[in-house]
Amino acid sequence: VSAIALFIFSIASSCCVAQNPLDFGSNIKTADPSGHIWADGRMYLYTSHDQECQEDFYMKDWHTFSSSDLINWTAHGPSLSVADITWADNYAWAPDAAYKNGKYYLFFPAGTGVKDRVNPEKSTKWMGIGVAVSDSPTGPFKDAIGAPLWTDPYANDPSIFIDDDGKGYLYFHGKGADYLVAEMADDLLSVKGEFHKMDMGGYEPKMEGPWVFKREGMYYFTMPENNRSLAYYMAKSPFGPWEYKGIFMQEEGGNNHHSIVQFKGKWILFYHRWLMGEGECKKKQRHTAAEYLHFNADGTIKEVKRTRE
Ligand code: FUB
């Protein structure tokens, strides 16, 4: 009897213990998670994919995972690859997704060329923002316009925010790490008007991946300050002007990139952390992780600590 009880206990405990980083059921290394909940109520994560022990963020495809409880995840495999894009062959960096008018959209940065760190004028690298479409939340996605929506010649980390009235806004960071925003056309495949640089209230540290969400009528513009510590601004409009509010997750070494989404009544922060691998790669690699996010009564975000569960 005790052996059976032990067996049942071991199954029960291995089935439902949350792990941080998230357990996607394979050794895949993922980063830059964007969380979304679509009509079926599941959490969908759109991530970039680090190759084992990769150098210089040469990344080739984007993956989708889903879960109904944030514990048991289904890996849906690559949902788009640079091999399927005519205008890029590298830099499959941080994606984001949207649902509108019956279609799923994957906004992605990609590019080509090589960065010359010693002689920047000899660099051939450029990156643009593309958009791909699918009838399914897990893809496969197909490049919708066959060209970047924007490159100048650098554009990275798109974040698409659909407001309560159905209007879509695309954010990303461009040349000089400026944050740009534009309202999107109704089909999300082109820009309505123009991209313009946002008013960040006079405080603009070096930044990367933006993520915008709305809570109780206020817009939150969140981002990794100096590419490392997660910080945020608040505004009354998706265009800003933004008021800086401070850091809510301290850096841990290495870049960070996140998303924030409400799931079953709780706010969840997805991000990636750098952990030393146990295999042949003797350096830290990125893994998608999650934490609960809490707010103060005035709407400001409470500091988040990294956990292992
Ligand atoms: O994953 C490649 C790049 O690293 C992302 O685009 C940045 O946000 C940083 O996470």
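**A tour from the ligand outward**

Start at the ligand of this predicted model. Select the residues around the ligand: Ala31, Asp32, Ser48, Phe57, Trp93, Ala94, Asn156, Asp157, Glu208, Gly209, Asn255 and His257. Colour this shell by residue class. The shell holds 4 nonpolar, 5 polar and 3 charged residues.

Next, select two strands, β1 (29-37) and β9 (155-162). Each supplies at least two residues of the shell around the ligand. Ala31 and Asp32 are in the shell, as are Asn156 and Asp157.

Now move to the sheet made of β17, β18 and β19. This is an open sheet of 3 strands in the order β17-β18-β19, and the pairing is antiparallel. Select β17 (259-263) and β19 (284-293): these are the edge strands. Each has a single partner strand, so one side of each lacks a neighbour in the sheet. Look along the sheet for its twist, which averages 30 degrees from one strand to the next.

Stay here and select β18 (residues 266-276). It is joined to β17 by 5 bridges, and the two strands run antiparallel. For one pairing to display, pick Ser259: its bridge partner in β18 is Phe270.

Finally, zoom out to the whole protein. Show it as a cartoon: there are 1 helix and 19 strands. The radius of gyration is 19 Å, close to the 19 Å of the globule rule for 309 residues, so the protein is as compact as a globular protein of that length. Along the principal axes, the C-alpha atoms fill a box of roughly 70 × 45 × 40 Å. Colour by burial: 37% of the 309 residues count as buried.

How values were computed: Residues are numbered from 1 along each chain as its sequence is written. This is a predicted model: local features need pLDDT of at least 70, side-chain atom pairs count only at pLDDT 80 or more; totals for chains, interfaces and linings use all residues. A residue is near a molecule or strand if its C-beta atom, placed from the backbone, lies within 6 Å of it. Helices (H or I, at least four residues) and strands (E, at least two) are DSSP runs, numbered from the N terminus. Ala, Val, Leu, Ile, Met, Phe, Trp, Tyr, Cys and Pro count as nonpolar, Asp, Glu, Lys and Arg as charged, and the others, Gly among them, as polar. Two strands pair if DSSP finds at least two bridges between them. Axes are lines fitted to C-alpha atoms, for helices over the stretch in contact, and angles run from 0 to 180 degrees between N-to-C directions. The radius of gyration is taken over C-alpha atoms; the globule rule is 2.2 Å times the number of residues to the power 0.38. A residue is buried if 20 or more other C-beta atoms lie within 10 Å of its own, exposed if 12 or fewer, and partly exposed in between; C-beta atoms are placed from the backbone.
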